[in-house]
Amino acid sequence: MRIVLQRVKEAKVSVEGQIVGEIAHGLLLLVGITHEDSEKDIQFLVNKVSNLRVFEDESGKMNHSIMDIGGSILSVSQFTLYGDCRKGRRPNFMDAAKPDQALPLYEKFNEELQRAGLQVETGVFGAMMDVSLVNDGPVTLILESN
C-alpha cells in the first residue's frame, strides 16, 4: 500500500458536483493499493497513520498525532499512485490492484481507522472525484507498507 498523507486545515471530495466527504482539521489520505497488499499492510499503515506525529505542539514542533488532536481523516482511493512513468509517455498501471481486489482492502483500511477511534470520511471508490484541500504547512508525506 502507498499513501500520500497531507496535513490539512480542511478537505472535501465531490462526485458529480455533490460533496461526498468533508473534514475540518486533520489528514487527507490518498490511498493506493497494489496486487501484493494484504491485511498485514493495512494494519501497518493504520498504526502509522494513527500515531504519526505531524501536528504541532505548543512549541511549534511536530509532536502530536491525529489521535492526540482529535482530528479527522478524509480517505480517497487513488490507483494512480501505482502509475509507473519510467518508460514512454503514458503511465503504466499494472502495479495497481484490480478493483475487485482493491475495494475490499480499501474498505477494510477505513474500517480499521474507525476502529482505532478516528472519524473517517471517504470518497467514492472508482468514481471520478474532485478533491479540494487547504494544505496545512504544507506537510505532505509518502507512506509505504513494504
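Visitor: Which residue forms a salt bridge with Arg-86?

Guide: Happy to help, and note that this is a predicted model, where local features need pLDDT of at least 70, side-chain atom pairs count only at pLDDT 80 or more, and totals for chains, interfaces and linings use all residues. Residues are numbered from 1 along each chain as its sequence is written, and side-chain values use heavy atoms, with hydrogens and water left out. A salt bridge here means a side-chain nitrogen of Lys or Arg within 4 Å of a carboxyl oxygen of Asp or Glu. With closest N and O atoms 2.6 Å apart, the partner of Arg-86 is Asp-84.

Visitor: Is Arg-86 buried or exposed?

Guide: The scale uses a 1.4 Å probe and protein chains only: buried is under 20% relative accessible area, exposed is over 50%, and partly exposed lies in between. At 73% relative accessibility, Arg-86 counts as exposed.

Visitor: How many residues apart are Glu-144 and Arg-2?

Guide: These two form a salt bridge, their closest N and O atoms being 2.9 Å apart. The pair links distant parts of the chain, with Glu-144 in strand β8 (residues 130-144) and Arg-2 in strand β1 (residues 2-15); strands are DSSP runs of E, at least two residues, and helices runs of H or I, at least four, numbered from the N terminus. Their separation along the chain is 142 residues.

Visitor: Which helix holds Lys-108?

Guide: Lys-108 meets Glu-39 in a salt bridge at 3.7 Å, N to O. Glu-39 sits in helix α1 (residues 39-51), while Lys-108, 69 residues apart from Glu-39, belongs to helix α3.
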